[in-house]
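Subject: Structure handover

Hello,

Here is the structure I promised to pass on. Please open it alongside this note; my findings follow below.

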Amino acid sequence: MSDALHRHLTRAAHIDEHAPAVTLGDEVWSFGRLERVSNQLARLLRDLGCEPGDRVALAVAKSPAAIAAMHGVLKADGVYVPIDVASPPQRVARILGQAGPRVLLFDASSLALVEALSDLGALAGVHIGALDAVGDAVRRVTPRFGPDDVDAQPTDAPTAHRAGDDVAHILFTSGSTGFPKGVAITHANVQAFLAWAVPYFGIERGERLSGHPPLHFDLSTFDIYGAMAAGASLHLVPSHANVVPRALEAFIAEERLTQWFSVPSALAFLVRHGAIRRAAFPDLRRVLWCGEAMPTPTLMALMELLPHARFTNLYGPTEATIASSFHTVVQPPRSASEPIPIGLPCGGEALWLLDDDLTETAPGEVGQIHIGGVGLSPGYWRDEARTAEAFVPHPFDATPGARVYRTGDLGRRDDDGRFYCLGRLDSQIKSRGYRIELGEIEAALAALGTLEAAAVVAVASDGFEGATICCAFVAADGTDEVEIRAALSEQVPRYMLPTRWLRCAELPVNANGKIDRPALRRRFEEARS
Ligand code: AMP
């Protein structure tokens, strides 16, 4: 059985407790501090009656204290559930309803959210704890504990038992029916990725890794536990740097990052604004991306600007833990139209191109990418039906319980066996790195009850942001897009809000009477050109 994930921190603290572990601006936490605070939180959670496998929701900003909280939950034998604090309360309430947490931790970033959740009745029976000194700032909620209560606990570790195939965290991702899907990830899932990735990338003690994705994105798991496993420091990217290219450039330079890992749009943002000077970031050894296709022109620009860095494309869904295949780009692409392979399976993983009946497609033919191996999640939290639909019996391995995950991605292989991702079979899209089911937006629009009909499609943006979300709607009573947008923003996060709107007398339908989405897409494309 693989070791518990939090053991990496304990080992790193044992080797050098004073070494910097996590930084955010001027705030620097050593491995020792992280270890002690996470032990104290774990003890407090146990005192509150947390049982093995209990969920602890983390409605907190990305910070050293949040990283301590993740470790604390694991040390208490719990399962943490990172919450997107920028999501509307109604959506967070749905997530909490599914996760069923015993405890919710909050901080200054989520005061309004916590009060709204309380008003919605979503916190009934949940112990609320403040992670920083903001407990008094919430009026309609009475926290059970605050930072002083954590501080008062002994600093030695409680004995933890969960590891291996036990669930460590649940990551909620967009769901096409309007209900976010909770992907359960085990200790072993993450450990298996680290066992391949840390040596493959040669991550060493004392290195400085970026912490760019939000904590509810699975990419952040690699930054956090990869840093702990190697004894490297994690440098959390402050939120303002994500919107000011020069600030992001200054951050990478000043923190002397040795590894950058993010969705491609973060890198495209820098390139597009000309924010990287030639041979900038002399310490940067590796640039990794995952989560969506890297536009080839962006990669060409990056490889020219940073000739000393090594560039790796990682591919994979949350359901298969961080990444399932990789391709290190040795030669810059020869032309802007050359696709970047998603490469070969990472250690312990396997990829297949299969038909609907799970037979392998002929060499050179397109098939749906299926993933098997060590990264496969046990499934969606408390959702057997969706789990059975997406995780299907392994077609080539008769071992009981062997499964493959249907990614919904179309792929092909080249003569060298390298995989390419060609797009989606369904209406899941990526917009600025966010995974979005267009069906979730449509379900939220339908639930508003003010529209006669609405359909949401995505059209390609100028190659940098992924896709633009477009909504066509029919509203008899004159409801306009400003009103719809305002109402919708209470149901879905901002990144899911359509940016283009089209009022129609009726939605176009195809011969089967279904909404003709290709026709709608064409309308939006034509309206732009
Ligand atoms: P997520 O669960 O947010 O990681 O999203 C997974 C989906 O993102 C995959 O099923 C793909 O559609 C897409 N994706 C992930 N990595 C890549 C990549 N390197 N290139 C192209 N698409 C990717």
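Start at the ligand. One of its nitrogen atoms sits 2.8 Å from an N or O atom in the side chain of N313. Keep in mind that this is a predicted model.

T318 also makes a polar approach: a polar atom of its side chain is 2.6 Å from an oxygen atom of the ligand. With E292 the partner is the backbone. A polar backbone atom of E292 lies 3.4 Å from a nitrogen atom of the ligand. On its own, the ligand has 500 Å² of accessible area, and the protein covers 91% of that.

Now the whole shell. It counts 15 residues around the ligand. N313, L314, T318, D409 and R435 are the closest. By class, the shell splits into five nonpolar, five polar and five charged residues. Two strands, β13 (310–315) and β22 (428–431), each give at least two residues to it. Strand β13 has the largest share, with three residues.

Next, a pair of helices. Helix α3 covers residues 64–75, and helix α8 covers residues 219–230. How do they pack? Their angle is about 80°, and their axes are 12 Å apart. Angles of 65 to 115 degrees count as roughly perpendicular, so α3 is roughly perpendicular to α8.

Which residues meet there? From α3 come I67, M70, H71 and L74; from α8 come I224, Y225 and M228. Six residues of this contact are nonpolar, one is polar and none is charged.

Best wishes

How values were computed: Residues are numbered from 1 along each chain as its sequence is written. This is a predicted model: local features need pLDDT of at least 70, side-chain atom pairs count only at pLDDT 80 or more; totals for chains, interfaces and linings use all residues. Side-chain values use heavy atoms; hydrogens and water are left out. Axes are lines fitted to C-alpha atoms, for helices over the stretch in contact, and angles run from 0 to 180 degrees between N-to-C directions. Helices (H or I, at least four residues) and strands (E, at least two) are DSSP runs, numbered from the N terminus. Angles under 35 degrees count as roughly parallel, over 145 as roughly antiparallel, 65 to 115 as roughly perpendicular and the rest as oblique. Contact means heavy atoms within 4.5 Å. Ala, Val, Leu, Ile, Met, Phe, Trp, Tyr, Cys and Pro count as nonpolar, Asp, Glu, Lys and Arg as charged, and the others, Gly among them, as polar. A residue is near a molecule or strand if one of its heavy atoms lies within 4 Å of it. A polar contact is a pair of N or O atoms within 3.5 Å; within protein, one must be able to donate a hydrogen and the other to accept it, and residues adjacent in sequence count only if both atoms are side-chain atoms. Accessible areas come from the Shrake-Rupley method with a 1.4 Å probe; for residues, only the protein chains shown count as cover.
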